[in-house]
Amino acid sequence: MADTREQAAALNGAIRDRLLAAGYLADTHAITTGAGERLGVGDRVATRCNDPELGVANRATWTVTAVGDDGSLLLRGQRATDLHTVPAAYARAHVELAYATTLYGAQGATTATGHLLLGEHTSAASAYVGMTRGRTQNIAHLVAEDLDDARKQWEAVFARDRSDLGPAVAAQRAAEDIDRYGSQQPTRPLDAVLVDLRDAWARQADLSERHDRLAAERDALQQVAAITARYAPGRQRLRAADDTTRDRWRHTRAAVTALDRALHGEDTALRAQVWEDWRTDLHRAADAAAVAREGTGRLGQRRRQVRDAHHDLIAFAEKWLS
């Protein structure tokens, strides 16, 4: 366990190199993830994205039992029958080595032996988490010049986070718990008392981590609320302008509809008038044509009528054929 994902990734790479050199892993047919990690048969990995269709969950751990030619992975859970295949795209994007993890990711997990990498930013709460994951043994690892330097670094860890009361107070509480258990249950073994105390200590660390995470989320939500309040007046003005524009559009559409209806009515009336004029002029033209066909007569007595009929026919043609 380590403080950061970068440290966990470095540990994963180093551990895999040792396992590969010792012959525990097969690297002849492996894939490379988007983060640059090599995954092959025998590797311990974790899925980092929930996918109900694939049957995998975030932070679930698996063992790679086969690598497909297309880059897919066959993963086995704690039971031999718990097998799931993830496609190459998911494997490259959401599967990572899981020999090491962050302290945040280790919350709630248990193992036979827990190994904690102490860094310059490890807090007391994180140390509590790391030193309570192992059921039989918990080991802290740090780089120091000598034993005194190591002791100073260990004490510095518990001085970084005063919300955790530190090892002195924890020891005092342990003594009180032992006394209480001793007075209430004289035959209760000391090991059992220490196991209960360790579990309570782990729960305290988990709750402290959760408190810090929720506090960060609360601060983020407060910032979002402040930004929302800042832009609320502008958003209201835009909504009012949008409502005004919609009303104008509705009024304009109603006016266009009314105008269209009026134009349609005028067009109908105009067509009726044109047909009436056409029929009247056509009747006159037919009469003029009859006069023209009859001619001026033998003595030319109807010359004027024929001339007028010619003028009427010419006028009819100019009016309706132009």
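Buried here means under 20% relative accessible area and exposed means over 50%, with partly exposed in between. Keep that scale handy as we walk through this predicted model. D27 is a good place to try it out: at 24% relative accessibility, D27 counts as partly exposed. Its salt-bridge partner R16 comes out at 5%, so R16 counts as buried.

Let's stay with that pair. The closest N and O atoms of R16 and D27 are 2.9 Å apart. R16 sits in helix α1 and D27 in strand β1 (residues 26-32), so the salt bridge ties together parts that are eleven residues apart in sequence. R16 has another acidic partner too, since its side chain meets that of D43 in a salt bridge at 2.8 Å, N to O. That contact links distant parts of the chain, with D43 in the loop between β2 (38-41) and β3, 27 residues away from R16. Both R16 and D43 are buried. Through shared partners, salt bridges join R16, D27, R38 and D43 into one network.

Helix α1 (residues 5-21) has other links worth a look. R5 pairs with E96 in a salt bridge of 3.1 Å, N to O. Here R5 belongs to helix α1 and E96 to strand β7, so the pair ties together parts that are 91 residues apart in sequence. R5 is partly exposed, with a relative accessible area of 48%. Further along the helix, A14 has its C-alpha atom 9.7 Å from that of Y99, although 85 residues separate the two along the chain. A14 is partly exposed as well, at 41%. Over the whole model, the salt-bridge count comes to nine.

Now for the sheet that E96 belongs to. Five strands form an open sheet in the order β6-β5-β4-β3-β7, with antiparallel pairing. β6 (83-86) and β7 (95-97) stand at the edges with a single partner strand each, so one side of each is left without a neighbour in the sheet. From one strand to the next, the twist averages 45°. Start from the β7 edge: three bridges join β7 to β3 (residues 44-47), and T47 stands opposite V95. β3 in turn pairs with β4 (residues 60-67) over four bridges, where A46 has T61 as its bridge partner. Another four bridges connect β4 to β5 (residues 73-76), with V67 matched to L73.

The loops around these strands have their own quirks. In the hairpin of β4 and β5, with five residues between the strands, G71 takes a positive phi near 95°. Most residues other than glycine have a negative phi. R59 goes the other way, with a positive phi of about 70° although it is not a glycine. R59 lies in the loop between β3 and β4 and is partly exposed at 33%. In the loop between β5 and β6 we find D82. D82 is buried yet has no salt bridge, and the nearest side chain of opposite charge, R79, is 4.5 Å away. The salt-bridge cut-off is 4 Å, which is why that pair doesn't qualify. What D82 does have is a side-chain polar contact with H84 at 2.8 Å.

Finally, a parallel pairing: β8 (residues 111-117) and β9 (residues 134-141) are joined by six bridges, and L116 stands opposite A140. Between them the chain passes through helix α3 (residues 124-130), making a right-handed β-α-β crossover.

Methods
Residues are numbered from 1 along each chain as its sequence is written. This is a predicted model: local features need pLDDT of at least 70, side-chain atom pairs count only at pLDDT 80 or more; totals for chains, interfaces and linings use all residues. Side-chain values use heavy atoms; hydrogens and water are left out. Two strands pair if DSSP finds at least two bridges between them. Helices (H or I, at least four residues) and strands (E, at least two) are DSSP runs, numbered from the N terminus. Axes are lines fitted to C-alpha atoms, for helices over the stretch in contact, and angles run from 0 to 180 degrees between N-to-C directions. A crossover is right-handed if, with the strands pointing away from the viewer, the path from the first strand over the helix to the second runs clockwise. Buried means under 20% relative accessible area, exposed over 50%, partly exposed in between (1.4 Å probe, protein chains only). Lys and Arg count as positive and Asp and Glu as negative; His and the chain ends are not counted. A polar contact is a pair of N or O atoms within 3.5 Å; within protein, one must be able to donate a hydrogen and the other to accept it, and residues adjacent in sequence count only if both atoms are side-chain atoms.
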